[in-house]
Amino acid sequence: MNDPFGPSTPAPILAELAGQLRDAVLEVIAEPVSAAAVLRVAERARQLASSDSDVAAESALADRRNRTTAGGWSNEKAVLTSNPSGGQAFPSDDQTVFGKDVVCLVVEPADVRAASPSLFGYFSQVGPISYFVSALIMGFALVAAWQYQITTRLTRLEMVSGIQPKATPLPTTAGRVSAMVDCRLAVDGTSSKDAVGFHSVLAVDSHLESGRQIKLDSGAMEIVYRSGAKVILQGPATFKVDGNGGYLAVGRLTGKFNKAVQGSGDAASAQEASFIIRTPTAVVTDLGTEFGVEVDNGGCTTSYVFRGRVCLQSLLPGGHAGELVLKADEAGRVEPSDGQVASVRRVSVEPQRFVRRIGDRRIPIRVFSTGDGLAAGHADAHWEVVAAGDAAGDSMQQAVVVRSPCPNWHATDISTPTKWISRNSDSYLVETPGRVYTFRTAFELEDGVPGTAVLRGNILVDRRLLAVRLNGRDVPMPEQPRNPSQWFSPFSIAEGFVSGMNSLEFDVETSEPFAGSPLSALGLRVELNGSVQEMGPGE
Amino acid sequence: MMSWDKAVADHATIVLRVAQRILGMGPDAEDIAQEVFLEAFQLRQKEEVHNWGGLLRVMATRRALNRLRDRRRTEPLSHVELPSGDSGPYENAVAGELAERLREAVAELPDGQATVFSLRYFENLSYEQIAEVLHIEVIAVGSALYKARAKLQMLLKIGIGGAKS
């Protein structure tokens, strides 16, 4: 994770608040951030680095100029002078370094300037006239140079600060992002490469130019094309946007294109005006329909039709007969292994794999943090523990809230309702040093689309977390601190969910035996929360 | 060393979000976000930044809180009567006003408490993360949060004007 301070677990944190304060915080954090504003901020920030080093100083000047315009500094004037101290410069709030040459931005109130002693009087009293003439010439030269600099700087200032933003035409776009749910984009979490390889933030309403590549690690993103076609991309997926369609390198998407194509339905006529998804092994041409496409890591392309028709063509050599027109509830597949389009079979693919609707409504997943709401010594009905290697069920037992947690463990406090659980209620000690125990909890996904589910949490363990599994499959491990029993490790799971009951397991290795004792420590404390896109009608 | 473009791409949303949660939607938040990036850019030229996320959050939080207080000095408070008791149609109707009242109340907090409160509840940082970015002890974070919560509860309950009087 690039940002160690990324969003973690708002639910346990908000549990610290009550009443109106909690409601107010919820109101604040629910306010959406304008994607257009993010783009403006990012663009201007980037421009800081795109120019030479004095851009920063110019921006500072622009800031001052803005304030002056706003009235707060109306009696002040900004002048640029050479370093008045003649030696080392100490840039402060009112001084800015312009590259190698030190120039000070001195802000003087107008009345103070008027009260300055007269230069003429000084020279007429003590200095030779030649000094005065020289100073005068130097002064004219400085003023001329300063005016030249100011003119050119202000031109750039306007570009950098946006005081007078110049209209820049929007690039030709293929479409825009219309919705995002728990999206995490590869590389840095929020941005993706545009057509020329430049990273930029992707947010709702971001324009997508043709050629934009989207690497979605998790979540779901809806793209609306200028033609009106829609694509819902489900992470993990890699997709390149085309004018009316795109290239799905790997992952899943659902396409929706309502324009019915008249004619025979053959691929040649359809491709002229249709929505087309290309994959490494196939071309899926929409004939006015709603369909799903999935490309696995081996390049196998599967298409399922919800309604209408699609034409599935194999791109594999030798696959001359590889063209099928699929109707509703039919699925086709291009297998790289044999270079042929597989036979059409009715509902051979789980339609639930494809997200058909994306919106703002997500529903919480009913998951259970360890010891949540339980008193010390009580059994936790939502968590089981078993020693690895034991036959499943033989020694499986309910985990219990540890009555007297180890003094080295992160203490139970107001910040979270979770508690430490272990195998025994009376003690965190077990008689099996260095052994692996599996803690297991289960939760149900009934009304949500499994592909959009996300679990987030924080974990503490003693002694060491060895694996995390969802439905028997390993999921990415959280980064573990040096002392995992004292410092929470955040984690998130965004794939591997199934409809119905899901099982989440944590393999925890016990500590080495304590000195002079056969006993070792075993403990787990997990904060869990999650959400899933609510299943729409007919899904 | 993280490139400037990457730092911007990574954190533009975060910085704007921090500012917006403190100042509300509007030009002020965007203004603060740009100031933060300018300050960060200048800082980056002087020294290597190891934790962009923490640094930018703190800078944005502090600048936004300052702007919030400046705004309060120049603009009259909106006196929105908050409903009391259980939820009802009226409460739902003015629910959006709660956010504004909270911002006004946060502006009343001492600087340290306001910063810690904002990082904790607007940005979901843990006690340890807040302690790390503010260079204070974890226990000080807990203490500041306790005081901030108590004062905010009171301010929201009796109203800002009531607290002052």
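How are α1(B) and α2(B) oriented to each other? Before getting to that, keep in mind that this is a predicted model. In chain B, helix α1 covers residues 4-23 and helix α2 covers residues 27-46, and their axes come within 8 Å and cross at roughly 140°. Angles over 145 degrees would count as roughly antiparallel, and this crossing falls outside that class, so α1(B) and α2(B) are oblique to each other. As for its hand, the crossing of the two helices is right-handed.

Now look at who is touching whom. From α1(B), the contact takes in Trp4(B), Val8(B), His11(B), Ala12(B), Val15(B), Leu16(B), Ala19(B), Gln20(B) and Leu23(B). Across from them, α2(B) brings residues including Ile32(B), Ala33(B), Val36(B), Phe37(B), Ala40(B) and Phe41(B), along with Asp28(B), Glu30(B) and Arg44(B). Sort the residues of this contact by character and you get 14 nonpolar, 2 polar and 3 charged. A bit of helix geometry helps when you look at such a list: an α-helix has 3.6 residues a turn, so residues three or four places apart point the same way.

Stay with α2(B) for a moment. Its 20 residues, at 1.5 Å each, should span 28 Å, and the end C-alpha atoms sit 29 Å apart, so the two values agree. Plenty of α2(B) is buried, too: among the buried residues are Ala29(B), Ile32(B), Ala33(B), Val36(B), Phe37(B), Ala40(B) and Phe41(B), and also Glu30(B), Gln34(B) and Glu35(B).

Next, hop over to helix α3 of chain B, residues 52-74, where you'll find Arg67(B). With a relative accessible area of 19%, Arg67(B) counts as buried, because the cut-off is under 20%. Leaving aside residues up to four places away in sequence, Arg67(B) touches Leu23(B), Asp28(B), Asp31(B), Ile32(B) and Glu35(B). Some of those names should ring a bell: Leu23(B) and Asp28(B) both take part in the contact between α1(B) and α2(B).

Further along chain B comes helix α7, residues 127-134, which is mostly covered, with 7 of its 8 residues buried. Those are Tyr127(B), Glu128(B), Gln129(B), Ile130(B), Ala131(B), Val133(B) and Leu134(B). Right after α7(B) comes His135(B), with a positive phi near 55°.

Finally, a look at chain A. It has 8 helices and 31 strands. Of its 539 residues, 45% are buried. Among contacts in chain A with a separation of 6 or more, 63% join residues 24 or more positions apart.

Technical notes:
Residues numbered from 1 in each chain as written. Chains lettered and ligands numbered in written order. Predicted model: local features only at pLDDT ≥ 70, side-chain atom pairs only at ≥ 80, totals over all residues. Heavy atoms only, no water. Axes fitted to C-alpha atoms, helices over the stretch in contact; angles between N-to-C directions. Helix = DSSP H or I, 4+ residues; strand = E, 2+ residues; numbered from the N terminus. Parallel < 35°, antiparallel > 145°, perpendicular 65-115°, else oblique. Left-handed = near helix turned anticlockwise from the far one by under 90°. Contact = heavy atoms within 4.5 Å. Nonpolar A, V, L, I, M, F, W, Y, C, P; charged D, E, K, R; others polar. Expected span 1.5 Å × (residues − 1). Buried < 20%, exposed > 50% of the residue type's maximum accessible area, 1.4 Å probe, protein only.
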